[in-house]
Amino acid sequence: MKIISGVISVCSVALVILWLSLPHLLQTSLEEIFAELDGELSSITVEKVNPWVIEMSGLEVIIKEGDFSLEKLNLRYDPVSVAEGKVHALSLTSPQLSLNSTALKSFLDSNDSSERDTFALQENAQEFLLNPPLQHLRLRDAEVSLSAQDLNMSTRLGLEGDFHTGLAQLRMDGNTSGFS
């Protein structure tokens, strides 16, 4: 009987230690991911991690193509849906993406319209609609900036998307006058 209670006690302590270290493990994992992408995670605060939600704030990433920052990230899921590759909701508050001309030129060159396969695009959209991996998407107060030598363009936008099997609704609200 003492052996069983000892094993239960050790397992309980191990679970508590693991539970309390989840934010640090997530932060370390993100730092490693961005390092592999030749980027640097200069700032992040992991506020909450549990089997149903991840909340982070103050995310700042620096890469050679530009910068990305995010005031707040809220990811909602349940363990069963994550095992199936699905997430319930992703909300990004005040994401800011700043790209330099090299990154923009590289992106435009890699997406040459003569090489596009519209059939593949249609197949991907159909696959997404049949089994959407994300049910709700929210981008609040997003800002995208492009810079090239003496030219700077930026826009602010909001985005809301609801995706269900066979039905998708995407709403965008923004001002693209900075890109004219």
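**Entry 1: secondary structure and chain totals**

I began with the secondary structure of the protein chain, which comes to four helices and eight strands, and I note at once that the model is a predicted one. Reading from the N terminus on, I wrote down the order of elements as α-β-β-β-α-β-β-α-α-β-β-β. I then looked up burial for the whole chain and found that, of its 180 residues, 25% count as buried. For the contacts between residues at least 6 apart in sequence, I recorded that 46% join residues at least 24 apart.

**Entry 2: the largest nonpolar core**

Next I asked which residues have the most contacts inside the largest nonpolar core. That core has 23 residues, and the ones with the most contacts inside it are Leu26, Leu41, Ile44, Ile54 and Met56. Two or more residues come from each of helix H1 (2-36), strand S1 (39-50), strand S2 (53-63), strand S3 (66-76), S6 and S7. As background I keep in mind that nonpolar side chains tend to be buried together in soluble globular proteins.

I followed one of these residues, Leu41, outward to its partners. Setting aside neighbours within four places in sequence, I found Leu41 in contact with Gln27, Leu30, Glu31 and Phe34, and also with Leu59, Glu60 and Val61.

**Entry 3: Glu55 in strand S2**

I turned to Glu55, which lies in strand S2, and asked whether this residue is buried or exposed. Its relative accessible area is 15%, so Glu55 counts as buried, the cut-off being under 20%. Its side chain is joined to that of Asn74 by a polar contact of 3.2 Å. Beyond four places in sequence, the residues that Glu55 touches are Thr45, Val46, Glu47, Lys48, Lys72, Leu73, Asn74 and Arg76, so Asn74 appears in both lookups, as a touching residue and as a polar partner, because a polar contact, with its atoms within 3.5 Å, also falls within the 4.5 Å used for contact.

**Entry 4: strand S7, Thr155 and Asp162**

Two residues of strand S7 were on my list, and I took Thr155, which is found in that strand, before Asp162, which lies in S7 (residues 151-164) as well. Thr155 counts as buried, at 5% relative accessibility. The C-alpha atom of Thr155 is separated by 5.5 Å from that of Val144, a residue 11 places away along the chain.

Asp162 is likewise buried, with a relative accessible area of 14%. I asked with which side chain that of Asp162 makes a polar contact, and the partner is the side chain of His136, at 2.7 Å. With residues up to four places away not counted, Asp162 touches Gln135, His136 and Arg138, and further along the chain Leu167, Ala168, Gln169 and Arg171.

**Entry 5: Phe128 in helix H4**

I located Phe128 in helix H4 (residues 118-130). It is partly exposed, with a relative accessible area of 29%. Not counting residues up to four places away in sequence, Phe128 touches Pro133 and Phe163. I also looked up the C-alpha separation between Phe128 and Gly166, which are 38 residues apart along the chain, and obtained 8.7 Å.

**Entry 6: the largest pocket**

For the largest pocket I noted about 160 Å³ of space, and I asked which residues line it. The lining is made of Asp78, Ser81, Lys86, Val87, His88, Pro132, Pro133, Leu134, Gln135, Phe163, His164 and Thr165. Strand S4 (87-93), strand S6 (134-148) and S7 each supply at least two of the lining residues. Sorted by class, the lining has five nonpolar, five polar and two charged residues. Pro133 and Phe163, the residues that Phe128 touches, are both among those that line this pocket.

**Entry 7: positive phi values**

Lastly I looked up backbone angles in residues other than glycine. Phi of Ser94 is positive, near 55 degrees, and Ser94 sits in the loop between S4 and strand S5 (96-100). Asp141, which is not a glycine either, has a positive phi of about 55 degrees, but this residue lies in strand S6. For accessibility, I recorded Ser94 as buried, with a relative accessible area of 16%, whereas Asp141 is partly exposed, at 47%.

Methods. Residues numbered from 1 in each chain as written. Predicted model: local features only at pLDDT ≥ 70, side-chain atom pairs only at ≥ 80, totals over all residues. Heavy atoms only, no water. Buried < 20%, exposed > 50% of the residue type's maximum accessible area, 1.4 Å probe, protein only. Polar contact = N/O pair within 3.5 Å; in protein donor to acceptor, adjacent residues only side chain to side chain. 1 Å grid on protein atoms, 1.4 Å probe; cavity = no way out; pocket = protein on both sides within 12 Å on 5 of 7 lines; lining within 4 Å. Points joined across faces, edges and corners; volume = space filled by probe spheres on them. Nonpolar A, V, L, I, M, F, W, Y, C, P; charged D, E, K, R; others polar. Core = buried A, V, L, I, M, F, W, Y, C linked by side-chain atoms within 4.5 Å.
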